[in-house]
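User: I'm new to this structure and would love a close look at a single part of it. Could you pick a spot and walk me through its surroundings?

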Amino acid sequence: MKLALKLEEKLAKYNMQDLKDLREETGAGLADVKKALEEANGDREEALKIIRVKGLKSLTKREGRSAGAGLIAAKVTDTEAGQRGTMVEVNAETDFVVKTDKFIAMADKVLEAAAASGAATVEELLAAKSADGTVKDTIEAVAAIIGEKLEVGNVRQVEGEAVDVYLHRSSQDLPPTVGVMVATDKAGAEVAHDVAMHIAAYSPEYLSCEDVPAEEVEKERATLTETTKAEGKPEAAVAKIVEGRMKGFYKDCVLLEQPFAKDPKTTVGKIVEASKGKVTAFARLQAGE
């Protein structure tokens, strides 16, 4: 009888809608929200404070956990020379948190700070100013409420006469998980979006063959030479065969050498050339990688 009265007492202080609303607002677990409401005697604002304080105390406990889910956010701003694209990867532990309004609003603040500061590294971005002090302060404040490990996974900046952005959603109920920025001259802007979509799908590492590090090229050439010789090819033909196979290596990692996603009979380089423009830089991020 006493147990039943105690339960009725607790239920009278808050209802299922209160639980649902507070959980959606904070992203905290159901058990944590229930405990907070009980401690606060059903007072929503007091429960919110309790969740935040408990979250701050447990930040160090979450350090070893993996923030494998996330989103990509990007924006383009005008500069004196043209445009600058800024892109950030912000991570959490679960997709449930990633799609909450609170997490998305936090990611927008991180993006704004990245664009305003021009941060080139995660360390620079965490130290950049935001409405809550620094970006690190912003992330820790939200992590305290949500109860998951949150972090900035990456930041990229590209500049050019024009910058195009493509954001890809792997699932319609989640924010974008792949982002691409492509910098071009004014003529190249005509094909920039198609090139960005190609990059999202094919993940090139370098813009041109000249951008591939020499040591990486030599390592691949040595491997192909050894493989070709092991196949018993005539010694006089080995060098020519290896150079032919190096084209396949470049197709794998160099944007301008790749078969174009929309028309594999031609290359990205030829598509750009046909526009009479050029791609000057690109960046690709994928959440959780």
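**A close look around one valine**

Analyst: Happy to! Let's start with valine 155, which sits in strand β5 (residues 151–160). Please keep in mind that this is a predicted model. Is this valine buried or exposed? With a relative accessible area of 1%, valine 155 is buried, because the cut-off for that word is under 20%. Its company comes from other parts of the chain: setting aside neighbours within four places in sequence, valine 155 is in contact with Met87, Val88, Ala114, Ala119, Ala120, Thr121, Val122 and Leu125. Threonine 86 makes a nice illustration of the fold, since 69 residues separate it from valine 155 in sequence, while their C-alpha atoms are 7.4 Å apart in space.

Next, let's turn to a pair of helices. Helix α6 covers residues 101–117 and helix α8 covers residues 135–146; their axes come within 10 Å and cross at roughly 175°. An angle over 145 degrees counts as roughly antiparallel, so that is how α6 and α8 lie to each other. On the α6 side, the meeting residues are Lys102, Met106, Lys109, Val110 and Ala113, and on the α8 side they are Val135, Thr138, Ile139, Val142, Ile145 and Ile146. By character, the residues of this contact divide into eight nonpolar, one polar and two charged.

Another helix worth a visit is α9, made of the 14 residues 189–202. At 1.5 Å a residue it should span 20 Å, and its end C-alpha atoms are indeed 20 Å apart, so the expected and modelled values agree. Its buried residues are Val191, Ala192, Val195, Ala196, His198, Ile199 and Ala200. What lies over them? The cover includes strands β6 (162–168), β7 (178–184), β8 (259–260) and β10 (279–286), together with helix α12 (268–274).

Just after α9 comes serine 203, in the loop between α9 and α10 (214–230). Most residues other than glycine have a negative phi. Serine 203, though not a glycine, has a positive phi of about 50°. At 34% relative accessibility, serine 203 counts as partly exposed.

Lysine 276 also has a positive phi, about 65°, and again it is not a glycine. You will find lysine 276 in the loop between α12 and β10, two elements that also help to cover the buried residues of α9. With a relative accessible area of 74%, lysine 276 is exposed.

Notes: Residues are numbered from 1 along each chain as its sequence is written. This is a predicted model: local features need pLDDT of at least 70, side-chain atom pairs count only at pLDDT 80 or more; totals for chains, interfaces and linings use all residues. Side-chain values use heavy atoms; hydrogens and water are left out. Helices (H or I, at least four residues) and strands (E, at least two) are DSSP runs, numbered from the N terminus. The expected span of a helix is 1.5 Å times one less than its number of residues. Buried means under 20% relative accessible area, exposed over 50%, partly exposed in between (1.4 Å probe, protein chains only). Contact means heavy atoms within 4.5 Å. Axes are lines fitted to C-alpha atoms, for helices over the stretch in contact, and angles run from 0 to 180 degrees between N-to-C directions. Angles under 35 degrees count as roughly parallel, over 145 as roughly antiparallel, 65 to 115 as roughly perpendicular and the rest as oblique. Ala, Val, Leu, Ile, Met, Phe, Trp, Tyr, Cys and Pro count as nonpolar, Asp, Glu, Lys and Arg as charged, and the others, Gly among them, as polar.
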